[in-house]
Amino acid sequence: MSAEPLTLAERLSRQIAAGGPISVAHFMAEANQHYYATRDPLGAGGDFTTAPEISQMFGELVGLCLADVWMRSGRKPGPLYAELGPGRGTLAADALRAMESAALAPRVHFVETSPTLRERQRALLPHVTHHDSIDSLPDDGPLLVIANEFFDALPVRQCIRVGEEWRERVVIRREEEGRFVAVPGYRRIESGLPPIAAQAQDGAIIETPIVGAGIAYALAQRIAKQGGAAIIIDYGYAGPLLGDTLQAVKAHEFADPFADPGEVDLTTHVDFTIIGNMARQAGLRVSGPVDQGPYLRDLGIDARAEQLARTHPARAAEVEAARARLTSADAMGSLFKAMAWVHPDWADPAGF
Ligand code: SAH
């Protein structure tokens, strides 16, 4: 007799039945781990499209931004290109090609947990070294780090105001309805909430990037020790802010974040204030967040688009559409933000 392996929904149901409600953070961690491990979600036929998949200009400009910082900081030897959550590897391929034109040929290291995406990345960049976390990145050279739409995929803790108290938001299973729902848990949250918590109304939600903040701090400590710079791009805001930003996307449409764990992409908007403060605490200099549109324009996306359109006239309309999508305020230009960190002895990046 061969038993079917349990689905993630069944596993989570059993966990909840045996051990009680699970936190939103735990739910998000399990759901995204399964989601990314079992598919390539990117592109028109997938669930969502990211900036590097829209145009080569994105990776080229971000790569050149880092190459320029490296050159103006004394061309330190042995640089490492480290990308967090590189998706299909498209950004890295475009960034590395642009870096090469600036005589920068770093060793390439990816932090990626998905076996499916690792394989895709290796097809594009056979010489990449993969890591489960930033802990095993080499420590013998300056780090040039890129993270595009990485932090939004990491689990957040959600706290919800119930009367005069704050409680952690948890996920339960309503068997009669056959679905998961998020409700206020019993555990009171006594500390660690920002001052705006005091003005919040009943039902308000505060998100804390418990995993992202830890990764940001550890990464910043590495840059403080090894030298280097990081560019972080994501949808987000300069917090603190009250609100539930947890969202699910499936086939380019919003979905219920709790309905189908592991089968939809779960994200939250990134609190750039917290991410930036982690870098400041580690002794780095922080620029931004600035809107992606002005950032890419400052780096020269208009000139690059013109040049590409001239060289490939048949693609001119496509290049212009991509430029507009990446930069205009009603597309990705202002929802997405860019932030940069540099070692205190390194030059500030262009674009901020
Ligand atoms: N940066 C890419 C892909 C963004 S999707 C792009 O812009 O196209 C999020 C990426 O982060 C995927 O590659 C996913 O597998 C990876 N990821 C998600 N959670 C992760 C984690 N905890 N550790 C490492 N990688 C993770």
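Contact here means heavy atoms within 4.5 Å. The model is predicted.

## Helix α11

By that contact rule, the buried residues of α11 pack against four helices: α3 (51–54), α4 (56–72), α9 (292–298) and α10 (301–311). Which residues are they? The buried residues of α11 are V319, A322, R323, L326 and T327. Seen down the axis of α11, these buried residues fall within an arc of 110°, so they line one face of the helix. A317 and E318 are exposed on the other side of α11. An α-helix has 3.6 residues a turn, so residues three or four places apart point the same way.

The length of α11 can be checked too. Helix α11 covers residues 316–327, twelve residues in number, and at 1.5 Å a residue it should span 16 Å. Its end C-alpha atoms are 17 Å apart, which agrees.

## Helix α1

Helix α1 (residues 8–19) can be read in the same manner. Its twelve residues should span 16 Å at 1.5 Å a residue, and its end C-alpha atoms are 16 Å apart, which agrees. L8, L12, S13 and I16 are the buried residues of α1. Their directions, seen down the axis of α1, fall within an arc of 135°, so they line one face of the helix. On the other side of α1, R14, A17 and A18 are exposed.

What covers the buried residues of α1? The cover includes β1, α2 (24–37), β7 and β8. After α1 comes G20, with a positive phi near 90°.

## Strand β7 and its partners

Strand β7 spans residues 165–174 and pairs in the antiparallel sense with β1 (residues 22–23). It also pairs in the antiparallel sense with β6 (residues 157–162) and with β8 (residues 179–188). The table below gives the bridges, along with one further pairing, that of β6 with β9.

| Strand pair | Sense | Bridges | One facing pair |
|---|---|---|---|
| β1 and β7 | antiparallel | two bridges | S23 and V170 |
| β6 and β7 | antiparallel | four bridges | R161 and W166 |
| β7 and β8 | antiparallel | seven bridges | V171 and A182 |
| β6 and β9 | antiparallel | four bridges | I160 and I205 |

Two hairpins belong to this region. In the hairpin of β6 and β7, two residues lie between the strands, and G163 in the turn has a positive phi of about 60°. The hairpin of β7 and β8 has four residues between the strands, and there G178 takes a positive phi near 65°.

Strand β9 covers residues 205–208. Which way do its residues point? I205 and E207 point one way from β9, I206 and T208 point the other way, and all are buried. In a regular strand the side chains alternate between the two faces of the sheet.

## Aromatic pairs

How many aromatic pairs does the structure hold? It holds six. In one of them, the rings of Y235 and F336 have their centres 5.2 Å apart and their planes at 85°, so the pair is edge-to-face. Edge-to-face requires planes over 60 degrees apart. Y235 lies in strand β10 (residues 228–237) and F336 in strand β16 (residues 336–342), so the pair ties together parts that are 101 residues apart in sequence.

Are these two residues buried or exposed? Y235 counts as buried at 9% relative accessibility. F336 also counts as buried, at 6%. The cut-off for buried is under 20% relative accessible area.

Elsewhere, F27, F180 and F258 form one aromatic cluster. F180 has a charged neighbour as well. The charged end of R173 sits over the ring of F180, 4.6 Å from its centre.

## P261

P261 is found in the loop between β12 (253–255) and β13 (265–267). With a relative accessible area of 3%, P261 is buried. What does P261 touch? Leaving aside neighbours within four places in sequence, P261 is in contact with L8, A9, L12, F27, A31 and F180. Among these contacts, L8 and L12 are buried residues of α1. F27 and F180 belong to the aromatic cluster with F258.

H130 makes a useful reference point. P261 and H130 are 131 residues apart along the chain, and their C-alpha atoms are separated by 26 Å.

Notes. Residues are numbered from 1 along each chain as its sequence is written. This is a predicted model: local features need pLDDT of at least 70, side-chain atom pairs count only at pLDDT 80 or more; totals for chains, interfaces and linings use all residues. Side-chain values use heavy atoms; hydrogens and water are left out. Rings of Phe, Tyr and Trp (its six-membered ring) pair if their centres lie within 6.5 Å; planes under 30 degrees apart count as stacked, over 60 as edge-to-face and the rest as tilted. Buried means under 20% relative accessible area, exposed over 50%, partly exposed in between (1.4 Å probe, protein chains only). A charge sits over a ring if NZ of Lys or CZ of Arg is within 6 Å of the ring centre and within 35 degrees of the ring normal. The expected span of a helix is 1.5 Å times one less than its number of residues. The arc is that of the directions from the helix axis to the C-beta atoms. Two strands pair if DSSP finds at least two bridges between them.
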